[in-house]
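Please find below my notes on this model, set out as numbered points. They deal with helix packing first and with individual residues and backbone geometry afterwards.

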Amino acid sequence: MTRWQYNFARNLLFKLDAEQAHHVSLDLLRTSESLGILKLLAGKLPDSQPVECMGLTFPNPVGLAAGLDKEGNTIDALGRLGFGFVEIGTITPRPQPGNDKPRLFRIIEEEAIINRMGFNNCGIEQGVKNVRSAKTFNGIVGFNIGKNKVTPNENAIDDYLYALRGCWGVADYVAVNISSPNTPGLRDLQAAADTARLIDALKQEQARLTEETGIHMPIALKVAPDMGDEQIAELSKVFLDCGLDGLIATNTTISREAVQGKPFATQAGGLSGKPVTQRSTEVISAFHSHLGDRIPIIGVGGIMCADDAVEKLKAGAKLVQLYTGFIYHGPPLIREILEKMKKM
């Protein structure tokens, strides 16, 4: 797919409400994949650029971040576009509808999105069924897991353990989401003591399930960009002490500094895209200064061009993920990043 082809499709989709365009896009991807049309449009898959990370071999270092394929039912089509790994979700133990609509907003001139979706998803059992039905994708699949909105924080660990057990042996890795701003109180779990308790419980269950099944599934944690140096240092110590397998940095931001005065800037939710590019890279660099190569980092947040992805790698990331950049620039962005990395 060329730039002009994607731009033409995007211009049509952007005439729709943002959430409606999201669902239409995924429906079109699934339909065109099942009919064999997407294979023709996408062209030859990018050459393999394998990367070892968290004990897994990723076919290439460019993945899709959680939030786009919330239910894991579009994996084959997304793989056809060139992603080396796809992270589905956020998935919770029980299905939930998410927050009231409207809940997704574009700030087009800033290449940004604000969302307050609220973990709308089909639940872990259906998510597992969907992933198992994928036929052609040969990459890595991550399950991004979260707690249900109605579950109080004091019982949050139970939800994460339930989701971990539910996707064991189906996911290649699990990403633990405690950084979405759209579930009330969720970010409180990023306090060092609470994070330590959660990771410790998950690592104990990971060890038990590994021994029971003979399958090892790495656990990564997704963090917010809205934290200072002291909190980053405290969490880094927790991650090292608990033996975390991977870190995903970063989620969306609650800051509106970069979009003040823009349409929808006052909407509640997480801001993603170009306004978070620099801050996300700074957080990656800060965590890497504490973690080194002992805990690999997946860099995500405002990757709008190939150079942005390279900056994430230079800051310390081993892999990168796209979301908002993929919305604005489409499949050509995947290939541009991979070409740039190939020349490095």
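**Notes on the predicted model**

1. T250 lies in the loop between β10 (246-249) and β11 (270-273). The model is a predicted one, and in it the peptide bond from A249 to T250 is cis, with omega near 15°. The loop between β10 and β11 also holds F264. F264 has a positive phi of about 70°, although it is not a glycine. With a relative accessibility of 41%, F264 counts as partly exposed, because partly exposed covers the range between 20% and 50%.

2. A cis peptide bond is also found from G89 to T90, again with omega near 15°. T90 is in a strand, β4 (residues 85-91).

3. M54 is a non-glycine residue with a positive phi, near 60°. It sits in the loop between β1 (51-53) and β2 (56-58). M54 is buried, at a relative accessible area of 13%, since the cut-off for buried is under 20%. I would ask the reader to look at the backbone of M54 and F264, whose phi values are near 60° and about 70° respectively.

4. Helix α8 (residues 229-242) and helix α9 (residues 277-291) have axes that come within 9 Å and cross at roughly 50°. The two helices are therefore oblique to each other, and the crossing is right-handed. On the α8 side the contact is made by I232, A233, L235, S236, F239 and L240, and on the α9 side by V283, A286, F287, H290 and L291. Sorted by class, this contact has nine nonpolar residues, two polar and no charged ones.

5. Helix α7 (residues 192-213) also packs on α8: their axes come within 10 Å and cross at roughly 20°. That angle makes α7 roughly parallel to α8, because angles under 35 degrees count as roughly parallel. This crossing is right-handed. A192, T195, A196, I199 and K203 of α7 meet E234, L235, V238, F239 and C242 of α8. Here the residues divide into seven nonpolar, one polar and two charged. L235 and F239 of α8 take part in the contact with α7 and also in the contact with α9.

6. Which residues of helix α1 (residues 3-13) are buried? They are Y6, R10 and L13. Viewed down the axis of α1, these residues fall within an arc of 60°, so they line one face of the helix. An α-helix has 3.6 residues a turn, so residues three or four places apart point the same way. The face of α1 turned away from the buried side carries W4 and F8, which are exposed. The buried residues of α1 pack against α2 (18-34), β5 (104-107), α11 (324-329) and α12 (331-343).

7. Two residues of α2 are worth a look, V24 and E33. V24 is partly exposed, with a relative accessible area of 29%. Leaving aside residues up to four places away in sequence, V24 touches L13 and L16; L13 is among the buried residues of α1. The C-alpha atoms of V24 and Q260 are separated by 30 Å, the two residues being 236 apart along the chain.

8. E33 is buried, at 13% relative accessible area. Not counting residues up to four places away in sequence, E33 touches L38, D76, A77, R80 and T136. E33 and P181 are 148 residues apart in sequence, and their C-alpha atoms are 33 Å apart in space.

How values were computed: Residues numbered from 1 in each chain as written. Predicted model: local features only at pLDDT ≥ 70, side-chain atom pairs only at ≥ 80, totals over all residues. Heavy atoms only, no water. Axes fitted to C-alpha atoms, helices over the stretch in contact; angles between N-to-C directions. Helix = DSSP H or I, 4+ residues; strand = E, 2+ residues; numbered from the N terminus. Parallel < 35°, antiparallel > 145°, perpendicular 65-115°, else oblique. Left-handed = near helix turned anticlockwise from the far one by under 90°. Contact = heavy atoms within 4.5 Å. Nonpolar A, V, L, I, M, F, W, Y, C, P; charged D, E, K, R; others polar. Buried < 20%, exposed > 50% of the residue type's maximum accessible area, 1.4 Å probe, protein only. Arc of directions from axis to C-beta.
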